[in-house]
Amino acid sequence: MSDIIVKNPATGEILATVKADSAEVVNTKLEKGAKAFAHFSKTDAYERAALLERWAELIMKHQDELAEIMTKENGKPLKESQGEVLYAKSYLTWYAEEAKRIYGRTIPASSPNKRLLVTRQGVGLVAAITPWNFPAAMMTRKAGPALAAGCTFIVKPAEDTPLTMIRLVELAHEAGIPEDVIQIVNGQGADIGPLFTASPYVRKITFTGSTPVGKLLMKESADSVKHVSMELGGHAPFIVCEDADIDYTVTQAIASKFRNAGQTCVCANRFLVHENVLAEFSEKFAKAAKALKVGNGLEEGVDVGPLINQKGFQKVVAQIEDAKAKGAKVLTGGTTHFDDEKGFYFIDPTILADVTLDMNIMQEETFGPVAPIVAFKTIEEAIEIANSTPFGLAAYFFTNNYQTGIYCQENLTFGILGWNDGLPSTAQAPFGGLKESGIGNEGGSEGIEPYLETKYLSIGNVKA
């Protein structure tokens, strides 16, 4: 396994070389994690909660350090990285409380000399694979509930952004979480993934990333009937109804679309706008997008950073060119700033008008700072367009009419909905997709469920 070279995507500067773990090292860590479960699973909920709280406190103590590491290896503006550290911490404090809410129950028996009991316990060693776009929050969103449930945890970060995760795990150990209870391995996904899925020590796989990779992990996990949680790809519609507050809607569109340079699984990808407000929305949206500052995330006032790598950059550029070739009009942006030799890639915030449904950008997840706008006549038409995808992660709709809002809520086949809200994600609410966008939820009281197993006990010959 070749070592991992970590670069700053805004400059191409080499930040670090991270040693890739061999198969032998990975398997040894998996065995240690499984053995540690025997002890850690017996700790009480208050002890586990205290460990999570101490970890959260240390994360906040090192907020600036973590944010700087994240911006350097990920490229997102420093203010976004600082916000992500808070977001990551929130999952630990939330699940510190949920550790104390793992309830069983008694069931009325059909015989007076029987007692029926249901208990919950952690599934065992959890292996997590996390993405590069939220290197802190996607880890704590998995580790928090896993540790709260009494599971042990091992994580493989994305090759582009391992440094944030390495520091988070160091802080976890500093907080008193045993080294074998929370571990990290580094390497290529194609090398580590099969080791996780084939290991008899791993009882659960949790993954955030692309749908094709998620499907492969599910198939490989089937042989040993592992638990799986999958937060996969999206293609979020953003519906602007005729009665929407356009000025407010534009602020939410900017926040949703251009956060992390559009490189989020829940960011708005397809803008469906009622024909009667199309001109006003398009003009104001383009003006707001043009005002965003593009550059190195460490620089003051930067709103949009670089794309993570050449592959991601080329995909977005190809979508823009395909749309233009099929008749789309560029209202703003469309320009690029890149250097293949140094290895940095920027695309100015781009708004496309006169978009048609046959364009690639309307069929494929973008993962970049490009917003295509399509007009609709009726809300039924908008819903049909929105649902015409195998993905169902997030959707947004903007209306001040409660009947329209309820109609959208009931008919959009997406797991996360934002009604007049472009940023609905929060630790205390469930996060998960429908259709090919995933299995299970993260966040909220629902988020600890995938890390628990149910045991039923029937006691006979009880003196009535």
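Here are some questions and answers about a predicted model of a protein chain.

Q: How many helices and strands does the secondary structure of the protein chain come to?
A: Let's start with the overall make-up of this predicted model. Both kinds of element occur in the protein chain, and the tally is 13 helices and 22 strands.

Q: What radius of gyration does the protein chain have, and what would a compact globule with 464 residues have?
A: The C-alpha trace spans about 75 × 55 × 40 Å along its principal axes. For 464 residues, a compact globule would have a radius of gyration near 23 Å. The protein chain agrees with that expectation, since its own value is 23 Å.

Q: What share of the contacts in the protein chain with a separation of 6 or more comes from residues 24 or more positions apart?
A: Contact here means heavy atoms within 4.5 Å. Among the pairs with a separation of 6 or more, those 24 or more positions apart account for 72%.

Q: What percentage of the residues of the protein chain count as buried, and what percentage of the accessible surface belongs to carbon and sulfur atoms?
A: A residue is called buried when its relative accessible area is under 20%. By that cut-off, 54% of the 464 residues are buried. The accessible surface of the chain comes to about 19,100 Å², and the part belonging to carbon and sulfur atoms is 53%.

Q: How far apart do the centres of the positive and negative side chains lie?
A: The protein chain carries 45 positive and 57 negative side chains. Taking the centre of each set, the separation is 7 Å.

Q: Which cysteine has the sulfur nearest to that of C241, and how many disulfides does the structure hold?
A: A disulfide is a covalent bond between the sulfur atoms of two cysteines. The cysteine sulfur nearest to that of C241 belongs to C408, 5.1 Å away, and the cut-off for a disulfide is 2.5 Å. C241 is in no disulfide, C408 is in no disulfide either, and the number in the structure is zero.

Q: Are C241 and C408 buried or exposed?
A: The cut-off for burial is a relative accessible area under 20%. C241 has 5%, and C408 has 0%. Each value falls under the cut-off, so C241 is buried and C408 is likewise buried.

Q: Where is T366, and which residues is it in contact with beyond its neighbours within four places in sequence?
A: T366 sits in the loop between β15 (350-353) and β16 (370-376). Its relative accessibility is 1%, so this loop residue counts as buried. Setting aside neighbours within four places in sequence, its contacts are N269, K315, V316, Q319 and I361.

Q: What is phi of F367, and what is phi of K435?
A: F367 lies in the loop between β15 and β16, while K435 belongs to strand β20 (residues 434-435). Neither is a glycine, yet phi is positive: F367 has about 60 degrees, and K435 is near 55 degrees.

Q: Are F367 and K435 buried, partly exposed or exposed?
A: Partly exposed covers the range between the cut-offs of 20% and 50%. F367 has a relative accessible area of 21%, so it is partly exposed. K435, at 40%, also counts as partly exposed.

Q: Which residues does A10 touch, not counting residues up to four places away in sequence?
A: A10 is in the loop between β1 (4-7) and β2 (14-18), and at 9% relative accessibility it counts as buried. The C-alpha atoms of A10 and G305 are 7.1 Å apart, although 295 residues separate them in sequence. Leaving out residues up to four places away, A10 touches N296, P306, F344 and F346.

Q: How far apart are the C-alpha atoms of G176 and A50?
A: G176 is in the loop between α6 (163-174) and β7 (182-184). With a relative accessible area of 41%, G176 is partly exposed. Along the chain G176 and A50 are 126 residues apart, but their C-alpha atoms are separated by 9.5 Å.

Q: What distance separates the C-alpha atoms of G460 and Q403?
A: G460 is in the segment after β22 (452-459), and its 42% relative accessibility makes it partly exposed. Beyond its neighbours within four places in sequence, G460 is in contact with N113 and K114. G460 and Q403 are 57 residues apart along the chain, and their C-alpha atoms are separated by 54 Å.

How values were computed:
Residues numbered from 1 in each chain as written. Predicted model: local features only at pLDDT ≥ 70, side-chain atom pairs only at ≥ 80, totals over all residues. Heavy atoms only, no water. Helix = DSSP H or I, 4+ residues; strand = E, 2+ residues; numbered from the N terminus. Rg over C-alpha atoms; globule rule 2.2 N^0.38 Å. Buried < 20%, exposed > 50% of the residue type's maximum accessible area, 1.4 Å probe, protein only. Areas by Shrake-Rupley, 256 points an atom, 1.4 Å probe, with all protein chains shown as cover. Lys, Arg positive; Asp, Glu negative; His and termini not counted. Charge placed at Lys NZ, Arg CZ, Asp CG, Glu CD.
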